[in-house]
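Biologist: Could you take a close look at one part of this protein for me, the nonpolar core, and show me how the rest of the chain sits around it? I work at the bench, so plain words are welcome.

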Amino acid sequence: MSPKAEIDALTAEFFGAFDNRGGRAAEVARIRELMVPGGVIVVTGPSYRVYGVEEFIEPRERLLGEGRLVEFSEWETSERTEIAGDIASRFGEYRKSGLLDGEPYEGSGSKTFQFVRTPDGWRIAAFSWYDHA
């Protein structure tokens with residue numbers, strides 16, 4: 001498999017970790033395996049926050065697992081990826097939808113990923129996102 005195909009698959013697996021449509025359980029804990037230890041996660045909007053991996057996972061497991069956010073999915077709508085040896089950068093747009101507290105919930109945003117090739121394959125070193133208003 002080419003590095004681009006591996007990164008595409010890793011990115012799809014990342015977005016799929018939040019999917020709880022059709023009563024399936026979201027696999028947010030999977031993010032631990034997709035990222036390098038000590039990975040950094042940053043959201044810039046609508047409010048700025050920096051997370052470690054555990055800080056990011058825990059509230060999303062609750063939100064997606066306790067029934068507040070159901071029929072949720074998030075998917076990439078466009079991307080551009082640059083690969084240089086064992087490092088890569090990806091910038092993309094995404095959409096999301098579901099039911100939050102029984103009401104329709106939709107949105108879109110921009111995400112950027114930094115990838116590194118490890119002895120175990122490509123992993124996410126960092127990602128950041130901005131939710132569009």
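What follows is a walk from the whole chain to its core and then out to some individual residues.

Modeller: Happy to! Please keep in mind that this is a predicted model. Let us begin with the overall layout. The chain has 3 helices and 6 strands, and read from the N terminus their order is α-α-β-β-α-β-β-β-β. The radius of gyration is 15 Å, which agrees with the value near 14 Å that a compact globule of 133 residues would have. Along the principal axes, the C-alpha atoms fill a box of roughly 45 × 30 × 25 Å. Of the contacts with a separation of 6 or more, 52% link residues that are 24 or more positions apart.

Now to your core. Buried residues make up 38% of the chain, and the largest nonpolar core has 27 residues. Within this core, Phe14, Phe18, Ile31, Ile124 and Phe127 touch the most other members. At least two core residues come from each of these elements: helices H1, H2 and H3, and strands E1, E3, E4, E5 and E6.

Phe127 is a good place to pause. Which residues does Phe127 contact, leaving aside its neighbours within four places in sequence? The list runs through Phe14, Met35, Val40, Ile41, Val42 and Phe56, and it also takes in Lys111, Thr112 and Phe113. Phe14, itself among the core residues that touch the most other members, is thus one of the partners of Phe127.

From the core we can step out to helix H1, which spans residues 3–16 and holds Glu6. Is Glu6 buried or exposed? Glu6 falls in between: its relative accessible area is 27%, so Glu6 counts as partly exposed. Beyond its neighbours within four places in sequence, Glu6 is in contact with Met1 and Trp122. Glu6 and Arg123 are 117 residues apart along the chain, yet their C-alpha atoms are separated by 9.8 Å.

Strand E3, residues 69–84, supplies core residues too, and it also carries Glu79. Glu79 is partly exposed because its relative accessibility is 31%, which lies between the 20% and 50% limits. Not counting residues up to four places away in sequence, Glu79 touches Lys4, Asp8, Arg90, Phe91 and Gly92. The C-alpha atoms of Glu79 and Gly109 are 12 Å apart, with their positions 30 residues apart along the chain.

A few backbone details are worth finding on your screen. Glu71 is also in strand E3, and it has a positive phi of about 50° although it is not a glycine. With a relative accessible area of 37%, Glu71 is partly exposed. Asp101 has a positive phi as well, about 55°, and is likewise not a glycine. Asp101 sits in the loop between E4 and E5 and is partly exposed, at 49% relative accessible area. In the loop between E1 and E2 you will find Pro46, and the peptide bond leading from Gly45 to Pro46 is cis, with omega near 15°.

Finally, the outside. The accessible surface of the chain comes to about 7,200 Å², and carbon and sulfur atoms account for 53% of it. The chain has 16 positive and 23 negative charges, and the mean positions of the two sets are 1 Å apart.

Notes
Residues are numbered from 1 along each chain as its sequence is written. This is a predicted model: local features need pLDDT of at least 70, side-chain atom pairs count only at pLDDT 80 or more; totals for chains, interfaces and linings use all residues. Side-chain values use heavy atoms; hydrogens and water are left out. Helices (H or I, at least four residues) and strands (E, at least two) are DSSP runs, numbered from the N terminus. The radius of gyration is taken over C-alpha atoms; the globule rule is 2.2 Å times the number of residues to the power 0.38. Buried means under 20% relative accessible area, exposed over 50%, partly exposed in between (1.4 Å probe, protein chains only). Contact means heavy atoms within 4.5 Å. Accessible areas come from the Shrake-Rupley method with a 1.4 Å probe; for residues, only the protein chains shown count as cover. Lys and Arg count as positive and Asp and Glu as negative; His and the chain ends are not counted. The place of a charge is taken as NZ of Lys, CZ of Arg, CG of Asp or CD of Glu. A nonpolar core is a set of buried Ala, Val, Leu, Ile, Met, Phe, Trp, Tyr and Cys residues joined through side-chain atoms within 4.5 Å.
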